[in-house]
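I sat down with this one today and kept notes as I went. Here they are, in the order in which I looked things up.

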Amino acid sequence: MTRQENKKKHKWVHKDLLGLEYLSREDIELILDTADSFREILDRPIKKVPALRGKTVVNLFYEPSTRTRVSFEIAAKRLSADVINIATETSSVRKGETLNDTGRNIEALKADIIVIRHNCSGAAAMLARHVNISVINAGDGWHEHPTQGLLDIFTLRKRFGHVEGLRVVIVGDIAHSRVARSNIWGLTKLGAKVTVCAPPVLIPPGIEKMGVTVKTNIDEALVDADAVNVLRMQFERDERNVFPNQLEYFKNYGITMDRIKRAKKDIIVMHPGPINRGIEISSEVADGTNSVILEQVTNGIAVRMSVLFWLSQATKKIGHEDID
Amino acid sequence: MQTKKEVLTKDEIDRLITRLSHEIVEKNKGVSTLAIVGIRTRGYIIAKRIAKVIEEQYNARLDVGALDITFYRDDLGLASEQPVVHNTEIDFDIEGKDIILIDDVLYTGRTVRCGLDALMDFGRPKTIQLAVLIDRGHRELPIKADYVGKNLPTSQSEIVEVKLEEVDGESGVFIINRQDDQTGEQEKT
């Protein structure tokens with residue numbers, strides 16, 4: 001009953017979704033509650049509702065991405081919106097057009113929502129300041145990936161029925177991970193206890209200020225954990241050549257069945273994908289009964305439908321929103 | 001100032017629901033193909049009550065579902081109030097069934113239009129029949145109820161408020177005259 005009451009009181013006011021840092025606990029709960037309703041639609045014979053009929057969603061991706069882009073595309077189509085995909089390799093971006101100009105052109109084309117993935121932290125926020133239509137951050141540099149954070153939290157909440165008090169371990173390249181940052185913002189706002197775990201070189205200095213515990217030993221971190229969120233080791237990003245080698249990483253931090261057996265019996269294993277079998281997670285765990293990795297993929301559609309839905313509700317009444 | 005007048009008491013509501021239940025079974029010549037779907041929030045409460053009466057009186061078991069019509073509304077983004085989203089729960093096959101769609105108040109007909117569209121996304125029922133506790137008139141779409149608890153002539157400046165114990169803690173139907181009413185309570189369609 002409390003969730004229902006929360007729904008009644010809380011109003012969505014944000015034009016954009018740039019990061020979980022800028023949302024309140026109530027905002028996050030509203031998105032998750034509504035995602036529950038959208039999750040049910042995905043199991044219907046006709047998986048489509050007319051809520052965003054006549055709206056246009058533009059996917060603007062400056063970084064390669066299949067799963068996030070497809071997930072947003074499916075989410076928008078399930079809401080009856082029209083979807084345009086712009087892959088920047090084949091667009092006028094190659095001719096030197098700036099991000100803001102591209103954004104304003106998309107706005108002039110009468111699109112309603114831009115979903116942007118960019119390798120620079122802050123790109124989505126800058127775009128949001130220069131256009132009046134809604135902007136969704138689908139990952140900006142090392143900063144945030146809010147819909148991934150929301151779908152991870154949604155998956156936790158569906159499994160445990162609550163988020164408050166859950167012990168969640170995030171293991172992997174914390175320093176370069178926007179997924180980790182969004183998870184930390186969201187989880188701590190909802191009252192979960194977050195531990196980050198990685199080799200010292202992959203832990204950003206000062207991360208404790210975000211309200212997390214830091215551990216460098218994964219076996220210690222997994223004691224009492226309700227869930228472990230395994231990040232992909234992004235070896236392609238190791239420009240300074242400081243990462244441990246793959247075998248060493250798997251030995252010291254890889255999530256193996258051996259480690260899962262020593263953890264809580266019903267611990268759940270999450271991964272934002274794509275998974276590297278035998279590097280950060282063993283096949284046995286990825287395909288095992290503790291894994292919710294594919295559930296996350298399905299939940300991602302529902303969460304993104306919810307975000308698209310609420311942004312389309314806000315734009316009509318509340319004009320430009322300034323986050324800084 | 002607003003005035004509030006009780007037009008149906010708890011007992012009267014109970015009797016209307018019992019009568020509606022019998023009418024539904026009579027018109028469908030039995031219960032074998034019946035299933036009941038209520039529109040959130042109060043339509044679903046009434047649906048559960050009707051199902052209970054039919055199950056007890058006819059020694060049957062009925063499928064009961066809840067429908068939230070928010071995503072089908074024609075005023076999304078236009079209404080002054082943000083929508084409140086609830087869950088839809090229809091965990092049975094509606095294919096070939098006689099579906100009784102239930103709402104508390106029939107007014108403009110727009111909610112029922114949403115309900116019909118939403119139901120069709122679950123399959124192809126044999127029939128959909130509409131049952132309402134109150135029909136207050138002022139239709140804006142060509143929609144008519146098959147079963148009406150009570151016809152209640154109203155003016156458009158009035159609000160019909162249905163209260164049911166399960167969600168409101170009390171039962172009764174009230175007409176609120178909202179002349180000079182500043183609260184702007186969301187209109188029930």
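**Chain B: the elements**

I began by counting secondary structure in chain B, and I found four helices and eight strands. This is a predicted model, so I kept the confidence scores beside me throughout. Reading from the N terminus, I wrote the order of the elements in chain B as β-α-β-α-β-β-α-β-β-β-α-β.

Next I looked up the overall dimensions. Along the principal axes, the C-alpha atoms of chain B fill a box of roughly 50 × 40 × 30 Å. I also wanted to know how the radius of gyration of chain B fits a compact globule. For 189 residues such a globule would have a value near 16 Å, and chain B has 16 Å, so the two agree.

**Chain B: an antiparallel sheet**

I then traced an open sheet of three strands in chain B, in the order β1-β8-β7, with antiparallel pairing. Its edge strands are β1 (3–8) and β7 (158–163) of chain B, each of which pairs on one side only. From one strand to the next I noted an average twist of 25 degrees.

I followed one pairing of this sheet down to its residues. β7(B) and strand β8 (residues 172–177) of chain B run antiparallel and are joined by six bridges. Which residue in β8(B) is the bridge partner of Glu161(B)? I found Phe174(B) there.

**Chain B: two helices crossing**

My next stop was the pair formed by helix α1 (residues 10–27) and helix α2 (residues 42–58) of chain B. Their axes come within 9 Å and cross at roughly 65 degrees. I logged the crossing of α1(B) and α2(B) as right-handed.

I listed who makes the contact. From α1(B) there are Ile17(B), Thr18(B), Leu20(B), Ser21(B) and Val25(B). From α2(B) there are Ile46(B), Arg49(B), Ile50(B), Val53(B), Ile54(B) and Tyr58(B). Sorted by class, the contact of α1(B) with α2(B) has eight nonpolar, two polar and one charged residues.

Just ahead of α2(B) I checked the backbone. A cis peptide bond joins Arg40(B) and Thr41(B), with omega at about 0 degrees. I placed Thr41(B) in the loop between β2 (34–39) and α2 of chain B.

**Chain A: a parallel sheet**

Moving to chain A, I picked out an open sheet of four strands in the order β2-β1-β3-β4, with parallel pairing. The edges of this sheet are β2 (82–87) and β4 (134–140) of chain A, and each pairs on one side only. The twist here averages 15 degrees from one strand to the next.

Inside the sheet I looked at strand β1 (residues 56–61) and strand β3 (residues 113–118) of chain A, which pair in the parallel sense over five bridges. I noted Asn59(A) opposite Val115(A) in β3(A).

**Chain A: backbone notes**

I found a cis peptide bond in chain A between Gly273(A) and Pro274(A), with omega at about -10 degrees. Pro274(A) sits in the loop between β9 (268–270) and α11 (283–286) of chain A.

I also marked Asp224(A), which has a positive phi near 75 degrees although the residue is not glycine. Its place is in the loop between α8 (218–222) and β8 (227–230) of chain A.

**Where the chains touch**

How many residues of each chain are in contact with the other? I get 17 residues of chain A against 14 residues of chain B. On the chain A side, α1 (2–9), α2 (25–41) and α12 (293–315) each supply at least two residues. The most comes from α2(A), with four residues. By class, I split the chain A side into six nonpolar, four polar and seven charged residues.

**How far I trust it**

Last, I went back to the scores. The predictor gives the complex an ipTM of 0.83 and a pTM of 0.90. Chain A averages a pLDDT of 92, and 94% of its residues score at least 70. I flagged residues 316–324 of chain A, where pLDDT stays under 50 and the model has 11 contacts beyond four places in sequence.

Chain B averages a pLDDT of 93, with 94% of its residues at a score of at least 70. I flagged residues 184–188 of chain B too: pLDDT is below 50 there, and the stretch has six contacts beyond near neighbours in sequence.

Methods. Residues are numbered from 1 along each chain as its sequence is written. Chains are lettered from A and ligands numbered from 1 in the order in which they are written. This is a predicted model: local features need pLDDT of at least 70, side-chain atom pairs count only at pLDDT 80 or more; totals for chains, interfaces and linings use all residues. Two strands pair if DSSP finds at least two bridges between them. Axes are lines fitted to C-alpha atoms, for helices over the stretch in contact, and angles run from 0 to 180 degrees between N-to-C directions. pLDDT is the predictor's confidence in each residue, from 0 to 100. Two residues are in contact if their C-beta atoms, placed from the backbone, lie within 7 Å. A crossing is left-handed if the near helix is turned anticlockwise from the far one by less than a right angle, and right-handed if clockwise. Ala, Val, Leu, Ile, Met, Phe, Trp, Tyr, Cys and Pro count as nonpolar, Asp, Glu, Lys and Arg as charged, and the others, Gly among them, as polar. The radius of gyration is taken over C-alpha atoms; the globule rule is 2.2 Å times the number of residues to the power 0.38.
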